[in-house]
Amino acid sequence: MSDKTMEVKESFGAALSQVSTMEELEKLRVDYVGKKGLVTDLMKEMKNLSNEEKKTFGQKVNVLKNEIEGQISAKREELKQREIELENSRMPEFDVSIPANLSRGSYHPITLVQRRCEEIFKSMGFTVEDYSEIVTDYECFESLNIPKNHPARDMQDTYYLENGQLLKSQTSAAQNAIYKKYKDALVNEGKPIKAIFPGRCFRNEATDACHENTFFQMEGVMVDKDISISNLIFFMKTMLSEVFQKDIKVRLRPGFFPFVEPGFELDISCLICGGEGCPSCKHSGWLELCPCGMIHPEVLKAGGIDPEEYTGFAFGLGLTRLAMMKYGIKDIRDLNSGSLKSLAQFTEDK
Amino acid sequence: MFLSMNWISDFVDLSGLNKMDLIAKFSLSTAEVENEIFFKGSDISGIVVAEILSVEDHPKSKKLHLLKVDAGDETPYDVVCGAPNVRVGMKTAFAKLGAQVGEITIAPRELAGYTSFGMCCSEKELGISDSNAGIMDITEDVKNGTDIKELYEIDDIIFEVDNKSLTNRPDLWGHYGIAREFAAIAGRELKPLDVADLTKYDSLEKVDLKIEDPLCQRYSCLKFQNISRKLSPMNMRIRLFYCGMRGLNFLADLTNYLMLEMGQPMHAFDSRKVESIRIKRFDKPFTFTTLDGIEREIDENTLMICNGDTPVAIAGIMGGLDSEIVEDTTSLTLESATFDAASIRKSTVRLAHRTDASMRYEKSLDPEMTVTAVARFVKLLTEFDSGAEIISSLTDEYAFKYDDVNLTFDKKFVDKYTGIEISNDTIIKTLRALGFEADVENDNFTVKVPSFRATKDVTIKADIIEEITRIYGYDNFDINTAKAPLYPVRADVEKTDEDNIKDILVKRYSLHELHSYVWQYFDEYKQLGIEVEENVELINATNPNIKTIRNSIVPTQLCQVKYNTGYASDFGVFEIGRTVEGLNAEGMCDEHKKLCITLFSKTKEIEQLYFELRDMLAVVTDDIKHRNLTFKKIEATHSYQHPKNLNEIYCDGVKLGCIGIVNSVVSKKIDKKASIVFAEIDVEEFAKITNASISYEEPSRFPGIDIDLSFLSNSFAPINEAVNNANCPLIKGIDVTDIYVDESGKSITVRLYFAHPERTLTKEEVLEVVNGIVADLEGKNIKLKFSFTI
């Protein structure tokens, strides 16, 4: 009888070596250790044996069964492993060198520059104010110490509307409203007025690569007791160094603007050559950047603030000009063109 | 305005100082100097005075002459010269061999067979006038061989000041005022003007003069005769030329010279044409020919100088042709006057004619200057033409006098404004150098503003600060941060909302932010078949294409979409910008800040694109306000809107704007096949919506029940309403899981989620709620097709 177990063992070994799939393995399992399998058949043959023989034969069959089951499960693991390996080998190699798909939106370059400036001012405790684009003559001129027939009105060609209002020609048009908004807090609570007001301005002029009738400025004011020219220079230097992210040299020249006294033109050391002189600063080493000055007493008065007690400074920054400088935009008209070929290039810029 | 360093040096001794440094300081302390500085005469050397000893015709040339020239050396020079004005005994400018004339270095030169050992020069060749008619005719009695630069002021430094930076400084429109600044900057003394004493003519008859109009502030005049000099002295002509004025004749040059020196425009009339000077305006418009020969329309607002009732000059702008000095003029009347600045400015604009005189009058000239200018004129006239006679006494009518400006302030005020320490001594010295009368006692300053600064320029204490600090030098300031109390700063909701909206649209939806213009572009709208809608108009737009202000961003944005159709098959753009919806009750523009979004697609169906946009708005609202949007169908009212699927957008009961499809006519003009949808919402209204708080609910630990219900309904809205009406706390949510159309109509399948926080739900209690909802809908004729408990 032991020959029979040997036979079964040998035939199983031969069959197992032929197995290459899970299905074949399962079939082999059923064929040998299933209910009607060859090993089970051997068990059934035991009834014809003597008790003595039964004992040794039974033991042999059990050993065989365990052996076969062990080999099947080992084979199963092996097949599983092979399957994973096969699957892995089927995975293609990707070509990561192909260009990335940057399906993304874009911010207008003015938004980017404006946000950068706002961040700087907010960090210094300034509020960011918004103001309408259509304003009154009082807001844009009268309250800023620019009475009718003042030569300063010649400096800017203003778009007038049929109802007597106008498209604001300067962000300063918001000054009066801002003083009125915060003067009580200034006087009663001692809170200094610190505000910036970015906005769109309009000038009635022909457009070309350097001139636009619609552009952005940002104005800022600070009013408190004892605000001085020394503070103004310090502040402008600090602020501009933050804007351009390098140490900026500034210089002030007298400048005439009716709403400030004294008024200044502020130059910064040329960003390209650092002051040595180069074509972009016309070899002067300086770039004229922003008008500023001590707020004119009449302007404070018009805002309900006593100029004997309070002083302040104001400054204007051309956001459009800043954006053009920062990104090397050569034609100002690109900004309002709506051309995605130009504008879609401007993504978040921190 | 061009300025001459020589001229300035007439009035202040700047010897030993670096002129370029001074000019740079002037630019930082007074007015902007243009970058380019001209070193006149630097390219001229070796030119001497020489006498022509003989003139022979050139045998082979009609034009050329053969000269022998005495240049002060032992032997005369042989010179070949082509000038027509050569004559024996004439003294001229002679460039010897090795001399520099502009870019030319003089060397022996062959001219038609003869060698020229040097060159006789014209004024133009020396760069001192534009006269090229012949070689220089030097009338001064000087030794031959004298360097021409010793004879004339050819070497000079000329710099240009930006006129705009002098707008507020009437005193800086002449060299004397500029010299005052240089004196203050350099710490040197300003010399007084050398003027004639006019009192000695007091016994002479006065000119018949009457100011009949308040627009004339002061009118001073004087009569002359026997002026024989025709050509101005060379040095005077050089200065005028260097400063950009053409030399004319002695008299005209002298008035121009006075204007450039003192900033006071002057005019000389033929006395026969101005026997009785009247200054007035006329009731009716008329035409008047100015001395440039141009006929000009004069209206009733323009101030005129008249001879009786006959106009002879436009006050402050230009003289008339009829009263001009002519050949047989024997006596002349000199005008030195001031007029109302605003009136001159307006007349200039009306006439579209700006002159050197009107440019100065516009700045509010000092009336105190008129008589000084006459006295200076007399001084120079009699110096250069000894035969000239004064035949009237000074006639001066002073109708309008500016008030004296006296200011007082204390040291504390200066300290507070400047933030630095400037000594009392420096303050007083600076102010006095600038012509102010200034005194200090116990830190209290009293200042009298000089008349030439008191016409409008310096009126308040703060103006004095500027005078002190600009001369002190802003570069010399110690700079310090402000000492101000600290308070928290709260960000503005509208501003924050705006930033968040932009971030969501750019970062989540890949939209592109654009900017456009605030008006309706007539041409562009027309191309797309969009009507320009009636709205507030600009009254002075130079471009008729942009007359009307926009009432919506949508059409402007559609024009930009049209521009970009080649950019990509699918894209979305947005702008936060302004619109005006007519006038409000107070007559003011009803201005709004709007967010406008347009989506363009050549690959998506219109419905898909529409829902993309709707979901975008819903996400924006959910993200920023934690609220839902609702929609209400409306009729199209604008030419670009499609009649269908136009919906008003609401949030928390507030109308925000609308969403819609672009009208097929417009859409096809943009792109034949593309789908285009738009939405516009009011950002200010959006900002007003309060931010709903997040209400946290503990998720139930007990199993819930989900039920699908399918209704025959055209819209989800009534189903949602019925579910809301059930007002059952067990309902935790509702979703639309399927929409389909079959022969029985449109069916909508919704899934309701039920749960109880503390126990397992029974099917019965859920069905009771469901039945209620079904019954409610049946009452509205919406039938249940099937239900299914999951």
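Axes are taken here as lines fitted to C-alpha atoms, for helices over the stretch in contact, with angles between N-to-C directions running from 0 to 180 degrees. With that in hand, the small sheet of chain B in this predicted model is a pleasant place to start. Helix α11 of chain B, residues 424-433, lies across β25 and β26 of chain B and runs at about 165 degrees to β25(B). The sheet beneath this helix is open and has 3 strands in the order β24-β26-β25 (chain B), with antiparallel pairing. Its edges are held by β24 (405-410) and β25 (437-441) of chain B, each with a single partner strand, so one side of each has no neighbour in the sheet. From one strand to the next, the twist averages 15 degrees. Between β25(B) and strand β26 of chain B (residues 444-449), the antiparallel pairing extends over 5 bridges, and Glu441(B) has Asn444(B) in β26(B) as its bridge partner.

Chain A offers a wider sheet to explore. Across the chain there are 13 helices and 9 strands. The radius of gyration of chain A is 43 Å, well over the 20 Å that the globule rule gives for 350 residues, so the chain is more spread out than a compact globule. Along the principal axes, its C-alpha atoms fill a box of roughly 135 × 50 × 50 Å. Chain A is divided into domain 1 (2-90) and domain 2 (109-343), and the C-alpha centres of these two domains of chain A lie 92 Å apart. Of the 350 residues of chain A, 41% count as buried.

The sheet of chain A is open, with 7 strands in the order β1-β4-β5-β9-β8-β7-β6 (chain A) and mixed pairing. At its edges stand β1 (127-128) and β6 (250-254) of chain A, each with a single partner strand, so one side of each is left without a neighbour in the sheet. Strand β5 (residues 214-224) of chain A runs antiparallel to strand β9 (residues 311-318) of chain A, and 8 bridges join them; Met222(A) stands opposite Phe313(A) in β9(A). Helix α8 (residues 175-189) of chain A packs on this sheet, touching β4 (193-202) and β5 of chain A, at about 165 degrees to the direction of β4(A). Helix α11 (residues 319-327) of chain A also packs on the sheet, where it touches β4, β5 and β9 of chain A and makes about 50 degrees with the direction of β9(A).

Finally, the two chains meet: 73 residues of chain B are in contact with 63 residues of chain A. The side of chain B that touches chain A has 34 nonpolar, 21 polar and 18 charged residues.

How values were computed. Residues numbered from 1 in each chain as written. Chains lettered and ligands numbered in written order. Predicted model: local features only at pLDDT ≥ 70, side-chain atom pairs only at ≥ 80, totals over all residues. Helix = DSSP H or I, 4+ residues; strand = E, 2+ residues; numbered from the N terminus. Rg over C-alpha atoms; globule rule 2.2 N^0.38 Å. Buried ≥ 20, exposed ≤ 12 C-beta atoms within 10 Å, placed from the backbone. Domains from an automatic or database assignment. Pairing = 2+ DSSP bridges. Contact = placed C-beta atoms within 7 Å. Nonpolar A, V, L, I, M, F, W, Y, C, P; charged D, E, K, R; others polar.
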